[in-house]
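This report covers selected local features of one protein chain. It takes single residues first, then helices, then backbone angles.

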Amino acid sequence: MLLVAFFCTLSAFIMAIMGIVQRPQNLRLLAGIYIVYYLIAIGVVFVILPSKALFSLIIMNVISGVLYLPFLALSSPNVEVENGDKHPRVRSRNKGLNVAAGLLALLFVVSLFGAAQTKFGVKPVYNSLKIKTMKTAPLLDKDATPIAIAPKTVRNKMNKAMSAVPNTSYYKLGALQTQVVKGKTVYIAPVEFDGFWRWQRARRSPGYFMIDATNVNAEPHFIKQSMKYTPSAYLFEDAQRVIYNRFPGWVQEGQPQLEIKDSGEPYFIQTVYKARGVSSRINYKSLHVVVLNAKTGDTQLYTAAGAPKFINESIASSTAAEMNEIFGWYGNGYFNAHFNKTGVKDPNSNGTEDGVTPVVDKHGNISYFNDFTSPKTSADSTMGYSMINARTGTLTYYTGKNIGVMDSDGAKKIAEKEYVAQKWSATMPIMYNIDGTPTWVVSLLDSTGAFRSYAYIKAADQSVKAYATTATQALDQYRVQLATVGSTASSTTNSKTVKLKGTVERVVVIPNGDNQNVLFAVKGNDTLWTVGTADYPKAVLMKTGDQVKLTGRVNESAKTGTVESYVNQTFK
């Protein structure tokens with residue numbers, strides 16, 4: 001921090017030296033003024049933690065130099081009078097002032113160049129992205145329920161559980177974080193200090209909250225882990241300030257976030273990078289992460305992909321959002337993005353963390369999801385979506401069947417239409433590939449932030465949708481809807497026609513617009529069959545024990561079947 005303050009006032013230091021060399025009798029004045037500036041700079045750096053990019057340091061030097069220049073000018077007379085001539089000559093002798101002015105002019109020009117590089121030099125930043133393009137998205141496993149509770153619901157539950165924290169009035173709930181702990185997807189949030197005086201009184205955070213992210217009925221648990229270094233602490237126990245002081249050459253990206261080991265030991269991590277040249281441009285190929293032990297204050301620097309295995313998100317969500325912005329807008333340069341707009345894709349901002357949504361795959365890897373639409377204001381269809389690996393930074397862009405279908409804004413509106421009277425709000429839209437069909441999965445919350453329902457909506461056909469209070473039920477009902485409209489059979493390669501005769505073992509009737517669908521299982525057959533009352537009105541009277549004979553198409557991966565011809569031999 002002391003070194004950063006010195007580099008921020010280097011121009012004023014050089015001016016002070018020049019003035020002292022020219023007029024040694026001004027030593028105390030010029031040195032005293034610089035010391036005052038330096039102390040002020042230390043205070044500024046300590047409070048605001050300015051960026052350490054060369055571009056930022058140059059701007060700070062322009063400011064400090066301009067403020068110091070008048071004192072350099074006043075410390076020495078600008079002219080001397082030469083006697084002996086009829087007309088005395090005035091000759092400038094303060095060469096130091098001229099040099100200082102020239103130095104400031106040079107720094108100003110360099111800062112303008114750096115600003116132009118930062119503003120317009122976006123193509124090199126785009127080229128630093130690690131991009132993969134795929135037409136086929138991974139299929140959703142039939143037994144998986146990869147939908148997490150909405151963060152708003154989690155925060156609501158955790159805030160209600162704050163009474164479990166000793167001296168509750170000293171603290172507040174910190175930032176929510178998705179993580180995989182012992183193979184389970186969870187949300188964690190640190191208990192933070194609620195202001196300077198409460199920090200001064202407590203000095204240590206008592207721990208953090210954890211909750212199962214896949215169970216809507218889960219309740220948060222308070223984990224006792226005394227933490228000295230947190231983002232809400234002050235002075236030299238502030239996690240961000242500790243990292244700032246120990247890695248003076250690195251620029252911080254986003255805010256420190258909590259990650260924990262399987263043993264429960266807490267750490268705060270910070271994404272950092274080296275700026276490109278005389279600018280604040282980022283190089284995404286060289287992202288690193290600083291890992292801070294929240295108890296001891298020990299710090300280690302790693303490459304983003306080389307961080308310890310318990311670190312799930314070495315790349316911050318804010319960084320992922322910026323990557324989507326660069327990828328979508330600036331592939332063909334700055335001026336194309338704002339004028340021709342050739343190839344431009346506008347990322348939506350419907351995610352739960354800085355406009356992106358963390359998603360956990362079956363291997364326990366976390367990626368950030370975001371969809372893209374056309375920059376035209378009237379557009380409401382998606383051009384594809386991205387998944388950014390939270391450890392490696394690889395941006396995978398999925399196109400194929402995802403092009404031209406409903407975007408996340410449209411999915412939220414469709415989900416909310418079903419519950420207009422209840423005024424439920426849609427959140428956390430994520431697109432999944434279900435049986436080869438692009439599908440939006442949305443969570444619905446009531447006005448208090450409590451979870452109410454999942455909505456599965458076919459991205460290419462808003463009339464195909466399913467609602468349920470659990471992800472498993474919603475997925476099963478949605479697959480039935482797909483089978484009913486024939487989309488599953490046409491979108492997958494493993495459907496086949498079968499003939500079946502047997503006894504009805506289970507039956508249920510569910511609404512489907514103006515008609516109804518009858519779902520039933522046949523004894524000894526593991527397929528869930530669907531028959532519509534539009535084609536077979538008497539099917540609604542089917543009951544357990546009926547003998548049925550049918551022909552239908554079966555989706556082997558989803559274990560669902562659509563009835564093409566049907567006879568109830570018990571009730572004709």
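Serine 314 sits in the loop that runs between β12 (299-303) and α10 (317-329); helices (H or I, at least four residues) and strands (E, at least two) are DSSP runs, numbered from the N terminus. The model is a predicted one, in which local features need pLDDT of at least 70 and side-chain atom pairs count only at pLDDT 80 or more, while totals for chains, interfaces and linings use all residues. Residues are numbered from 1 along each chain as its sequence is written, and side-chain values use heavy atoms, with hydrogens and water left out.

**Single residues**

Serine 314 has a relative accessible area of 0% and is therefore buried (buried means under 20% relative accessible area, exposed over 50%, partly exposed in between, with a 1.4 Å probe and protein chains only). Leaving aside neighbours within four places in sequence, serine 314 is in contact with Ile269, Thr271, Val289, Ala304, Ala307, Ala390 and Arg391, where contact means heavy atoms within 4.5 Å. Of these partners, alanine 390 is 76 residues away in sequence, yet its C-alpha is 6.2 Å from that of serine 314. A polar atom of the serine 314 side chain lies 3.5 Å from the backbone oxygen of arginine 391. A polar contact is a pair of N or O atoms within 3.5 Å; within protein, one must be able to donate a hydrogen and the other to accept it, and residues adjacent in sequence count only if both atoms are side-chain atoms.

Serine 286 is in the loop between β10 (266-273) and β11 (288-293). Its relative accessible area is 22%, so serine 286 is partly exposed. Beyond its neighbours within four places in sequence, serine 286 is in contact with Trp250 and Val272. Its C-alpha is separated by 6.6 Å from that of tyrosine 273, which is 13 residues away along the chain.

Glutamate 237 belongs to the loop between β8 (221-227) and α9 (239-246) and counts as buried because its relative accessibility is 11%. With neighbours within four places in sequence set aside, its contacts are Trp199, Arg203, Lys228, Tyr229 and Thr230. Two of the side chains involved, those of tryptophan 199 and arginine 203, also make polar contacts with the glutamate 237 side chain.

Threonine 382 is in strand β16 (residues 382-389) and is buried, at 2% relative accessible area. Not counting residues up to four places away in sequence, threonine 382 touches residues including Asp371, Phe372, Thr373, Asn402, Asp407 and Met431.

The table gives distances for side-chain polar atoms.

| Side chain | Partner | Distance |
|---|---|---|
| Glutamate 237 | Side chain of tryptophan 199 | 3.4 Å |
| Glutamate 237 | Side chain of arginine 203 | 3.0 Å |
| Threonine 382 | Backbone oxygen of glycine 384 | 3.0 Å |
| Aspartate 407 | Backbone nitrogen of aspartate 409 | 3.3 Å |

**Helices**

The contact listed for aspartate 407 caps the N-terminal end of α12. In α12 (residues 408-417), the buried residues are Ser408, Gly410, Ala411, Ile414 and Ala415. They cover an arc of only 155° around the axis, so they lie on the same side of α12; the arc is that of the directions from the helix axis to the C-beta atoms. Exposed Lys413 and Lys417 are on the face of α12 turned away from its buried side. The cover over the buried residues of α12 includes β15 (366-373), β18 (425-434), β19 (437-445), β20 (451-458) and β21 (465-468).

Pro151, Thr153, Val154, Asn156, Lys157 and Met158 are buried in α7. The elements that they pack against are β4, β6 (184-193), β7 (205-212), β18, β19 and β20.

Helices α2 (residues 10-22) and α3 (residues 27-48) pack at an angle of about 175°, and their axes are 9 Å apart. Axes are lines fitted to C-alpha atoms, for helices over the stretch in contact, and angles run from 0 to 180 degrees between N-to-C directions. The two helices are therefore roughly antiparallel (over 145 degrees; under 35 counts as roughly parallel, 65 to 115 as roughly perpendicular and the rest as oblique). Ala12, Phe13, Ala16, Gly19 and Ile20 of α2 make the contact with Leu27, Leu30, Ala31, Tyr34 and Tyr37 of α3.

**Backbone angles**

Most residues other than glycine have a negative phi. Asparagine 167, in the loop between α7 (151-160) and β4 (171-173), has a positive phi near 50°. Aspartate 354, in the loop between β13 (346-347) and β14 (357-360), has a positive phi of about 55°.
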